[in-house]
Amino acid sequence: MNFQLQQGYANGIRRQSDRLTKKMSKSLSLGLAFLLGTSAVLLSNSKAFALENVTVKYGAVDVTLPMSDLQSFAQTGQASSQLQSVLSIAKQTPESVREILTREVALDSQLVTRLVNTYFGEIVLKQLGEVAYSPATRAQSAPALRDALVAASRDGKISLMEVMQNYTPPALEVDGNQAVAIYQRVIKDMQDIQALYQNSPTLQQTAGQARQMICQPSTSGSAK
């Protein structure tokens, strides 16, 4: 009798212990999930961009915008008072400018990397660097723009907002009358070249043969 009572008591303790363990395990899981979720939010909200300010120039008028204003505008569509001033000078609606900033264009990242490192790419980037440049290191504007374009295209698509987010100098000056038009023309040319390449098996084959010739060392010298 005493043995049965002791066994029953032990079984009861074990069941309570199991329930407590399950509760603790669930609490720990929920706590860990909350911690990870909070960390993810904090990391996403604390992302800092190298580019801090964008100065838009319209003739003799300059308006400097914090990058945070442009980021907020791209996400919410709400323009700050400074951005409203730029829109008023440019005679543009918030909707049209937001569309220009956020419109994503599908571009192959490898193709972008190759194009911006060609002679054609250098000419285009130099032209773009004359209307969108870092005032402190204007001579380095073309390389900075090249790196920003390549970085922005890594996910297979590109937008003007992504390019600015990947621009490494802390300040950018933009000729409001020309910069966007030249940027859009550059992207359009890249799209046309991409379409030409994708629709031409002969061109793809030629490019593949050229890569093989470049990558594979000649064996004629070693055969001697």
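Contact here means heavy atoms within 4.5 Å. The legends below describe a predicted model.

**View A. Contact of helices H2 and H4 in the predicted model.** On the H2 side, the contact is made by Leu70, Phe73, Ala74, Gln75 and Thr76, which meet Pro94, Val97, Arg98, Leu101 and Thr102 of H4. By class, this contact has six nonpolar, three polar and one charged residues. Helix H2 spans residues 67–76 and helix H4 residues 94–102; they pack at an angle of about 100°, with their axes 9 Å apart. Since angles of 65 to 115 degrees count as roughly perpendicular, H2 and H4 are therefore roughly perpendicular to each other.

**View B. Contact of helices H6 and H7.** Helix H6 (residues 119–129) packs against helix H7 (residues 141–152) at an angle of about 110°, and their axes are 8 Å apart. The two helices are therefore roughly perpendicular to each other. From H6, the residues Leu125, Lys126, Leu128 and Gly129 meet Ser141, Ala142, Leu145, Arg146 and Leu149 from H7. The residues of this contact divide into five nonpolar, two polar and two charged.

**View C. Surroundings of Tyr183 in the largest nonpolar core.** This core holds 47 residues, of which Leu70, Ile158, Met164 and Tyr183 touch the most other members. Leaving aside neighbours within four places in sequence, Tyr183 is in contact with Leu128, Leu149, Ile158, Ser159, Leu160 and Val163. Two of these partners also belong to the helix contact of View B: Leu128 lies in H6 and Leu149 in H7. Leu70 appears in View A, on the H2 side of the contact with H4.

**View D. Pairing of strand E1 with strands E2 and E6.** Strand E1 (residues 53–58) pairs with strand E2 (residues 61–66) in the antiparallel sense over six bridges. Within this pair, Val54 stands opposite Leu65 of E2. E1 and E2 form a hairpin with two residues between them, and Gly59 in the turn has a positive phi of about 65°. With strand E6 (residues 171–175), E1 pairs in the parallel sense over five bridges. Here Thr55 of E1 stands opposite Glu173 of E6.

**View E. Arg114 in helix H5.** Arg114 lies in H5, which covers residues 109–116. Its relative accessibility is 39%, so Arg114 counts as partly exposed. Arg114 and Val150 are 36 residues apart along the chain, and their C-alpha atoms are separated by 9.4 Å.

Notes:
Residues numbered from 1 in each chain as written. Predicted model: local features only at pLDDT ≥ 70, side-chain atom pairs only at ≥ 80, totals over all residues. Heavy atoms only, no water. Pairing = 2+ DSSP bridges. Helix = DSSP H or I, 4+ residues; strand = E, 2+ residues; numbered from the N terminus. Axes fitted to C-alpha atoms, helices over the stretch in contact; angles between N-to-C directions. Parallel < 35°, antiparallel > 145°, perpendicular 65-115°, else oblique. Nonpolar A, V, L, I, M, F, W, Y, C, P; charged D, E, K, R; others polar. Core = buried A, V, L, I, M, F, W, Y, C linked by side-chain atoms within 4.5 Å. Buried < 20%, exposed > 50% of the residue type's maximum accessible area, 1.4 Å probe, protein only.
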